[in-house]
Amino acid sequence: MPVPTLTLLDSQLNTLANLPFLKMNGLGNEIVVLDLRHTSHIVTADEARAIAGFARAGFDQLMVLHAPRSEGTDAFVRIYNNDGSEAGACGNGTRCVAWAILRNSDRDTATVETAAGLLVCQRVGDDVFSVDMGAPRFDWQDIPLAHDVADTNALPLRRDVPGLPALDAPAGVSMGNPHAVFFVADAAAYDLPAIGPGLEHDPLFPERANISLAQVVDRQHILLRVWERGAGETRACGSGACAAAVAAIRRGLADERVEVQLPGGSLIIDYREGGTVRMTGPAEFEWRDSLPPSLFQDTAA
Ligand SMILES: N[C@@H](CCC[C@H](N)C(=O)O)C(=O)O
């Protein structure tokens, strides 16, 4: 894929060029972690897309660490999808950020802040982290939806799919980002890349939505595929796993501890109605590299 380049001011060139980054993944959800705690630079959508187009740093999500805004936190984190859009939550990326913060530390707990709030992350094993993802929200304004609906647990949204049961009445959940969870008998049967974009952009979702197909295997197991807003179908989506477990529990289909199996592996999700959601799973370091200055050079000249 050709690498997009940007037209930037000299001062910006010096900020990102040659900066080290960590290439990581959470269950195959491709994550790049970039530490900007020493600068006040805010990554633009163009810069995020350029980094995503850089072959060695290609990502589903870019997690950018900024200086802490609140006492007791390790960083303020901005989350970018590979289309350059920003998100309020990324479960897999948060475990990778916890790994990055705690890797040279005696501590086992890191606290990060995102646009959606504070997230407390605990190291619970070798490269395994448990994150309190906060309380899910179900009000139509919070998901958000374009208008009020009778029941956010069964949204007025339907797609007929030739030869398969229609996708109908998904549960709407905000995990700090918008999710619509369709419960289906066979998640593997659907052509998600064909169906996902239309649902992500449905007018019901003014900020678009992450679209999940959830197959409840039994009260402790869910199979899940996620079409992510701004990134397409990924091998895993942590906030999507939380949303699916919460929606299944809310519908009385699952117990308070659920193993959610995604194409890239499994997450354990704990949720009791009225409480917060705990997500537990691995974070894997792949390599460290630097952003090449050529990514940010003015090619128009
Ligand atoms: N992969 C993530 C979710 C990332 C953000 C999402 N695509 C959005 O735009 O809301 C996860 O692990 O939660």
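Here are some numbered notes on this model, written for a colleague who has the structure open.

1. **Confidence.** Please keep in mind that this is a predicted model. The protein chain has a mean pLDDT of 94, and 94% of its residues reach 70 or more. For the complex, the predictor gives an ipTM of 0.99 and a pTM of 0.95. Among the elements of the chain, strand β13 (residues 210-218) has the highest mean pLDDT, 99, while helix α1 (residues 10-16) has the lowest, 64. A word of caution fits here: where pLDDT is low, the predicted coordinates should not be read in detail.

2. **Two domains.** The chain divides into domain 1 (10-124) and domain 2 (158-282). Between their C-alpha centres there are 24 Å. On the contact side, 21 residues of domain 1 meet 24 residues of domain 2. The elements giving two or more residues to the domain 1 side of this contact are α3 and β7 (117-125), and α3 gives the most, with three residues. By class, that side of domain 1 has six nonpolar, twelve polar and three charged residues.

3. **The core.** Where does the largest nonpolar core lie with respect to domain 1 and domain 2? First, its make-up: this core has 93 residues, and those with the most contacts inside it are V33, A214, I222, A241, A244 and A245. Helix α5 (residues 238-250) supplies the largest share, nine residues. Domain 1 (10-124) and domain 2 (158-282) both contribute residues, so the core lies between them. As general background, nonpolar side chains tend to be buried together in soluble globular proteins.

4. **A closer look at A214.** This is one of the residues with the most contacts inside the core. Setting aside neighbours within four places in sequence, A214 is in contact with V181, F182, F183, V184, A187, I222, L224, A244 and A248. Two of these partners, I222 and A244, are themselves listed with A214 among the residues with the most contacts inside the core.

5. **Around the ligand.** The ligand is surrounded by 20 residues, the closest being A87, N92, N177, G238 and S239. Two elements, α3 (91-102) and α5, give two or more residues to this shell, and α3 gives the most, with three. Which class of residue prevails in the shell, nonpolar, polar or charged? Polar residues do: there are twelve of them, alongside five nonpolar and three charged. At least three residues of the shell come from each of domain 1 (10-124) and domain 2 (158-282).

6. **Elements that turn up repeatedly.** Helix α3 is worth following by eye: it gives three residues to the ligand shell and three to the side of domain 1 that touches domain 2. Helix α5 gives two or more residues to the ligand shell and nine to the core.

7. **Backbone details to check.** The peptide bond from I143 to P144 is cis, with omega near -10°; P144 sits in the loop between β8 (128-132) and β9 (158-161). Two residues other than glycine have positive phi: D127, at about 60°, and A169, near 50°. D127 is placed in the loop between β7 and β8, whereas A169 is in the loop between β10 (164-168) and β11 (171-174). D127 counts as partly exposed because it has 15 C-beta neighbours inside 10 Å. A169 has 15 such neighbours inside 10 Å, so this residue counts as partly exposed too.

8. **Two loop residues, V43 and G274.** Is V43 buried or exposed? V43 is buried, since 20 other C-beta atoms lie within 10 Å, and its place is in the loop between β2 (29-35) and α2 (45-53). Leaving out neighbours within four places in sequence, V43 is in contact with A48, V64, R78 and Y80. The C-alpha atoms of V43 and S290 are 16 Å apart, with their positions 247 residues apart along the chain. G274, in the loop between β17 (265-271) and β18 (277-282), is exposed because it has 6 other C-beta atoms within 10 Å. G274 and P136 are 138 residues apart in sequence, while their C-alpha atoms are 8.7 Å apart in space.

Technical notes: Residues are numbered from 1 along each chain as its sequence is written. This is a predicted model: local features need pLDDT of at least 70, side-chain atom pairs count only at pLDDT 80 or more; totals for chains, interfaces and linings use all residues. A nonpolar core is a set of buried Ala, Val, Leu, Ile, Met, Phe, Trp, Tyr and Cys residues joined through C-beta atoms within 7 Å. A residue is buried if 20 or more other C-beta atoms lie within 10 Å of its own, exposed if 12 or fewer, and partly exposed in between; C-beta atoms are placed from the backbone. Helices (H or I, at least four residues) and strands (E, at least two) are DSSP runs, numbered from the N terminus. Domain bounds come from an automatic or database domain assignment. Two residues are in contact if their C-beta atoms, placed from the backbone, lie within 7 Å. A residue is near a molecule or strand if its C-beta atom, placed from the backbone, lies within 6 Å of it. Ala, Val, Leu, Ile, Met, Phe, Trp, Tyr, Cys and Pro count as nonpolar, Asp, Glu, Lys and Arg as charged, and the others, Gly among them, as polar. pLDDT is the predictor's confidence in each residue, from 0 to 100.
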